Structure formats: C-alpha cells, structure tokens
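Visitor: I'd like a close look at a single part of this model, with the surroundings filled in afterwards. Could you walk me through it?

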Amino acid sequence: MKKYSYRDLANFSPSLAYDDVLLVPTFSSIRSRLEPETTTTVAGKSLTIPIVSSPMDTITDYKMASVLGRLGASGIIHRFLSVEDQLGQIAKLLDEKAKTDKFNSEKIIVAPAIGVGREGLYRFEKIWREFSTSLDWIAIDIANGHSSLMLETLSHVKSKVGNSVGIVAGNVATGEGFSCLAEAGADAIRVGIGGGSICKTRIMTGFGVPTLSSVADCYREKQKNNLYSHVSIIADGGIRNPADVVKSIVAGADCVMVGRVFAATKESPGEVFKSANGKMYKVYRGMASEEVQIDAKNGLKPGTCAEGVSTTIPYKGSVEPIAMEFLGGLRSAMTYANAKDILELRQNTMFAQITGSGLDESHAFGTKK
Ligand code: IMP
C-alpha cells in the first residue's frame, strides 16, 4: 500500500478531497479515548473542540458564539447586518460572558467579521472604537482573500490592532495565498475556495481547489518559514463528518470552520418553520446567494451571478450534542493514531488514497436495503 505524508499529499496530483483518502491506523498504546488532549491554538486562543462556526447570517450570531465558546469551540459573528446591529450582537455576547462563571467566560471568544473596501473599514472603525479592549479576534471575510482588497484592509486593521487582537483572514486556496496573508500580518488564515455545501463558485467560475489539498499546500508553505509558525490554518468549506475534521488536522489545519454542520440548530439565527409535510426546518444560505442579495441590495446587479445557494435543513435541536459528537470522533481518531495531542496526531498519521468502492465500504452499508 502506498502511504502519503502531508508533504506527499501537498505534492500529490490530482488534488484530493476528503472522501478520496482515509487515515492509516498505527500501533497504539492509548488505553482510553479520554486520554488524548484535543486542545489547539488558533490566533492566540485555545480551543478544546477545534471547530469555529462560519460568519454567515444563518449560522453565527451572539447565541451560537456564546454556546460554542462555553463548550470549547467558537464562532465568528457575521457581518451581513447593519453596523449598529452588529455592535448590538457584540454587546450581547459580552453580556453573556459577564453572566458566565470565570472558567467558562474565558472560553468565549469575541470575534466579529468585517468585509473589505470602504464599508469594511467603516465597520472596523466602529467596532474598534467601541470594543477595542474586548475583542479576541477580528475576521476579514471575503470570498477571494488572495487579493489587493484584502491586503489593503488587512494592513489598515493590523496598523490599528497591532498584536492585541488576532486577525483571521481569508479565504485562500493555495500556499502562495497563505504566505501572502501571513506576511501581511494575519494570525489565522481560512483555507478553502469553492468547497462549501452552499457554494456554486466552482460551477459558476471553474475556480477552486479541494479543501484538503489546499490545506496541505498551505501547511507545506507554513513549514518553510519559521515566521509563520504562529499563523493558524482554518480548513473552511465542505466539512460533513467528524472524520473530515481529523483529516484536516492531519493535513495541517489547526481547526476547521463549519456552516452546514451547525445549521438549523436551536442556536443558529433564523426561525424554525413547519413545512407542508409537518416537519420542522430552518433556512441555511450561502452569503453569495441570490436570496442574500435580494435582502441586502435589491437583488443581483445585471451581468453578475450568484455564487451560493439557499436551502432548508431539518431542525436539529441544540448544537451541543453535535459539537460533542465531533469531539468524540476526534478523540477516537487520536487513539487510532497513538496520539497524545494534536501535534502527534499529525506527526503519527499517514493518508491512504481510496477508490469509489473504498468509499462505499466506509459507510455503514449494512443499513442499505
Ligand atoms: P459548509 O460548512 O460546507 O456549509 O461551508 C461553509 C463555508 O462556505 C463558509 O465558511 C464560507 O467559507 C463558504 N461560503 C459561505 N457562503 C458562501 C457562498 O455563498 N458561496 C461560496 N462559499 C460560501
């Protein structure tokens, strides 16, 4: 069997998606799933569950961010609302922190998103004026982060916040994109173009790279330069199962970002509604979908196209058991890898490429009729 390290994976041609690989088990002396330490550091903050929820208007407002924070994960408050409303969301998150006991309160990460250009800078200035001492991260959130628009905003934000706030920037798909943003002062970089479950970018433009290979490419770049060693990699787009979190980490990510996994939960923004079949649903929509454009700017401008879709997802209830199941998958994976911590998980683990029948065999096919 040919085995691949993250280095081999970065050089592998063609690019690989999560379902193209599995992780090869090794001899393990770990006796219990509770032994491994899952803590990871992202832009200077510790996460015990290496998952951040997406800055999307159907995923993260202050409720999602506070509940995930207490659990040891985190969320980035989206920017698709007025500046005043976003300031209100940050204030509510700070209220939640104030109401929480000291141990859990410290776990709640205060992280709003901004865009780029004039609107992005205006939003940043307002947030910075009011909350400069309370912010943990600020996320500069744009579809193509390997761009002059990103660099302009990033250099302005960096000149204001210095090292007092972690800057999360993205998205990029390549090692070049990673080093460009790391050089410009980003502390964490979102990696993944076109892999989101509500994304049409690859279909509309032909651009994108399977997220797993993007992560390996960025990690290889990170390894080349000691100055980037503190820069975190966030694998973003296409996470479906706990295994995808594990594969992301082995490929070089410090954590993942998820939309769909946490969509349609009690804590995600938006109303639950009952459909004609009597079942409960919530909306989950891409931030570049026509529906968002209609809400925000009276629809798509002529000659432009949507790069996201809107969908409905059966209501899932509280986000906590979902986050815990993902943590469980990671813990169990660490026993197969004989890994005491996240670094050992990456160092000890090799990928094996699989075929379509290997993927078929991976699912619980005993349930097929
Ligand atoms: P998911 O976890 O697979 O649902 O993907 C969520 C990710 O998709 C987000 O974190 C963004 O990076 C990305 N995303 C959000 N909205 C859009 C969109 O409208 N088009 C393309 N990508 C999007």
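Visitor: Before we settle on one part, where is the place of proline 14? After that, please take me closely through helix 2 and the residues around it.

Guide: Happy to, and please keep in mind that this is a predicted model. Proline 14 sits in the loop between helix 1 (6-11) and strand 1 (21-24). The peptide bond leading into that proline from serine 13 is cis, with omega near 0°.

Now to helix 2. This helix spans residues 62-71, and seven of its 10 residues are buried, so the rest of the structure largely encloses it. The buried residues are Tyr62, Met64, Ala65, Ser66, Leu68, Gly69 and Leu71. Their packing partners are two strands and two helices: strand 4 (51-53), strand 5 (74-75), helix 3 (83-99) and helix 12 (320-336).

The N-terminal end of helix 2 is capped by aspartate 61, which places a side-chain oxygen 3.0 Å from the backbone nitrogen of lysine 63. Aspartate 61 also forms a salt bridge with lysine 63, and here the closest N and O atoms are 3.4 Å apart. The two partners sit in unlike settings: aspartate 61 counts as buried at 8% relative accessibility, whereas lysine 63 is partly exposed at 35%. Just after the helix, glycine 72 adopts a positive phi of about 105°.

A little before the cap there is another charged pair. Aspartate 57 and arginine 285 meet through their side chains in a salt bridge, 2.6 Å from N to O. This pair links distant parts of the chain, 228 residues apart: aspartate 57 belongs to the loop between strand 4 and helix 2, and arginine 285 to strand 13 (residues 280-285). Aspartate 57 is buried, at 13% relative accessibility, and arginine 285 is buried with a relative accessible area of 13%.

Two of the packing partners deserve a visit of their own. In helix 3, lysine 99 forms a salt bridge with glutamate 96, with the closest N and O atoms 3.2 Å apart. These two are three residues apart in the helix, which means about one helical turn separates them. That fits a simple rule: an α-helix has 3.6 residues a turn, so residues three or four places apart point the same way. Lysine 99 is exposed at 65% relative accessibility, while glutamate 96 is buried at 16%. Elsewhere, salt bridges with shared partners join Arg79, Asp141, Arg190 and Asp236 into one network. In total, the structure holds 17 salt bridges.

Helix 12 leads on to asparagine 338, in the loop between that helix and helix 13 (342-348). Asparagine 338 is not a glycine, yet its phi is positive, at about 55°. It counts as partly exposed, with 23% relative accessibility.

A few backbone details complete the tour. Most residues other than glycine have a negative phi, and most peptide bonds are trans. Alanine 43 has a positive phi near 45° and lies in the loop between strand 2 (40-42) and strand 3 (45-47). Alanine 43 is buried, with a relative accessible area of 9%. There is also a cis peptide bond between glycine 170 and asparagine 171, where omega is about 20°. That asparagine lies in strand 8 (residues 166-172).

Note on methods:
Residues numbered from 1 in each chain as written. Predicted model: local features only at pLDDT ≥ 70, side-chain atom pairs only at ≥ 80, totals over all residues. Heavy atoms only, no water. Buried < 20%, exposed > 50% of the residue type's maximum accessible area, 1.4 Å probe, protein only. Helix = DSSP H or I, 4+ residues; strand = E, 2+ residues; numbered from the N terminus. Contact = heavy atoms within 4.5 Å. Polar contact = N/O pair within 3.5 Å; in protein donor to acceptor, adjacent residues only side chain to side chain. Salt bridge = Lys/Arg side-chain N within 4 Å of Asp/Glu carboxyl O.
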